[in-house]
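The following exercises are to be worked with the sequence and the coordinates at hand. Each task is followed by a solution in steps.

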Amino acid sequence: MLKIEDLHLSFGGIKALQGISFEAQAGEITGVIGPNGAGKTSLFNAISGFYQPDRGRVWFDGRDITGMAPDRRAALGIARTFQNIALFRGMTVLDNIKLGGHTRLKTGLWGALRYFGPAQREELEFRRDIEERVIDFLEIDHIRKVPITALPYGLQKRVELGRALAMRPQVLLLDEPVAGMNREETADMARFILDVQERFGTTILLVEHDMHMVMDICAHIVVLNFGQQIAEGSPQEVSQNPAVIEAYLGAAA
Ligand SMILES: Nc1ncnc2c1ncn2[C@@H]1O[C@H](COP(=O)(O)OP(=O)(O)OP(=O)(O)O)[C@@H](O)[C@H]1O
């Protein structure tokens, strides 16, 4: 579904990615882990098109998307969330989620807002879809009219997931979805991520520092350290890999 082939990316003298290659299988949750500065966010940025790699390719559904602009990748079905929440803070939950979905409407945002003919029909279907597939699914009906600023952090992260889901993604890139969350919020988010995978069959790529969560919900894990891919395999294989243990112990020392 999503294939990363020999990706290299550097910033001046810093080699952020040095030959990363792996495949995220369709309908599976693939975890990307590694100590701080390992290159995880750089990898996400190269996949979503915010950074252009120096070398290597990104394939989506058999198609080379390496040179494609971020908005075209989003329209193809690659959605993401950000490490630091990137919502419109003064706007309501519902408006933020609808903005996410408009990237996929044929008539576009302005056409849809004009309420004419096909645009009107599409807008009605769109609203129904958002209600059922995002608002009900994520259990956020009670906060739909609330501005983002008035929400606790855990719910803001859930709304960000909702905005990505509104795009009907085939591939969902989640950058630290439970960072800064308490235990209960983390458990809720893990459940929603699993539900997304089960109900919609979405292919999910997850960057996360919470090792319990990664081990719990990922089928496959890729480990980065200083821009290099040091291991890949099942949660059990990766957690027993000496290079991985050393990278984490080294980082903690
Ligand atoms: N825009 C940039 N300009 C310069 N250097 C960058 C840029 N983005 C990342 N880097 C550098 O690339 C390396 C990898 O950073 P990256 O943010 O991808 O790591 P990470 O694994 O996501 O880290 P963390 O877990 O702390 O978020 C780091 O040395 C970082 O300082």
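**Exercise 1.** In which loop does Glu176 lie?

*Solution.* The model is a predicted one, in which local features require pLDDT of at least 70 and side-chain atom pairs count only at pLDDT 80 or more, while totals for chains, interfaces and linings use all residues. Residues are numbered from 1 along each chain as its sequence is written. Helices (H or I, at least four residues) and strands (E, at least two) are DSSP runs numbered from the N terminus. On this numbering, Glu176 belongs to the loop between β7 (171-175) and α7 (183-200).

**Exercise 2.** Describe the backbone and the burial of Glu176 and of Asp6.

*Solution.* Step one concerns phi. Glu176, a residue other than glycine, has a positive phi near 50 degrees. Asp6 is not a glycine either, and its phi is positive at about 50 degrees.

Step two places Asp6, which is found in strand β1 (residues 2-11).

Step three applies the burial criterion: a residue is buried if 20 or more other C-beta atoms lie within 10 Å of its own, exposed if 12 or fewer, and partly exposed in between, with C-beta atoms placed from the backbone. Glu176 counts as buried because it has 20 C-beta neighbours inside 10 Å. Asp6 has 13 C-beta neighbours inside 10 Å and therefore counts as partly exposed.

**Exercise 3.** Characterise the packing of α3 with α6.

*Solution.* Two packed helices are described by the angle between their axes and the distance between the axes. Axes are lines fitted to C-alpha atoms, for helices over the stretch in contact, and angles run from 0 to 180 degrees between N-to-C directions. For α3 (residues 93-101) and α6 (residues 153-165), the angle is about 35 degrees and the axes are 7 Å apart.

The crossing of α3 and α6 is right-handed, the near helix being turned clockwise from the far one by less than a right angle.

Next, list the contacts, that is, residue pairs whose C-beta atoms, placed from the backbone, lie within 7 Å. Val93, Asn96, Ile97, Leu99 and Gly100 of α3 meet Val159, Gly162, Arg163 and Ala164 of α6. The residues of this contact comprise five nonpolar, three polar and one charged. Here Ala, Val, Leu, Ile, Met, Phe, Trp, Tyr, Cys and Pro count as nonpolar, Asp, Glu, Lys and Arg as charged, and the others, Gly among them, as polar.

Finally, α3 is largely enclosed by the rest of the structure, because seven of its nine residues are buried. Among them are Val93, Leu94 and Lys98.

**Exercise 4.** What surrounds Gly31 in strand β3?

*Solution.* Gly31 is located in β3 (residues 29-33). With 24 other C-beta atoms within 10 Å, Gly31 is buried. Residues up to four places away in sequence being left out, Gly31 touches Leu206, Glu208, Val214, Cys218 and Ile221. The C-alpha atoms of Gly31 and Val223 are 8.3 Å apart, although 192 residues separate the two along the chain.

**Exercise 5.** Which elements give two or more residues to the shell around the ligand?

*Solution.* The shell takes residues whose C-beta atom, placed from the backbone, lies within 6 Å of the ligand. Its members include Phe11, Ile14, Asn36, Lys40 and Ser42. The elements giving two or more residues are β2 (14-24) and α1 (40-48). The most comes from α1, with three residues. By class, the shell holds four nonpolar, six polar and one charged residue.

Terms used: Contact = placed C-beta atoms within 7 Å.
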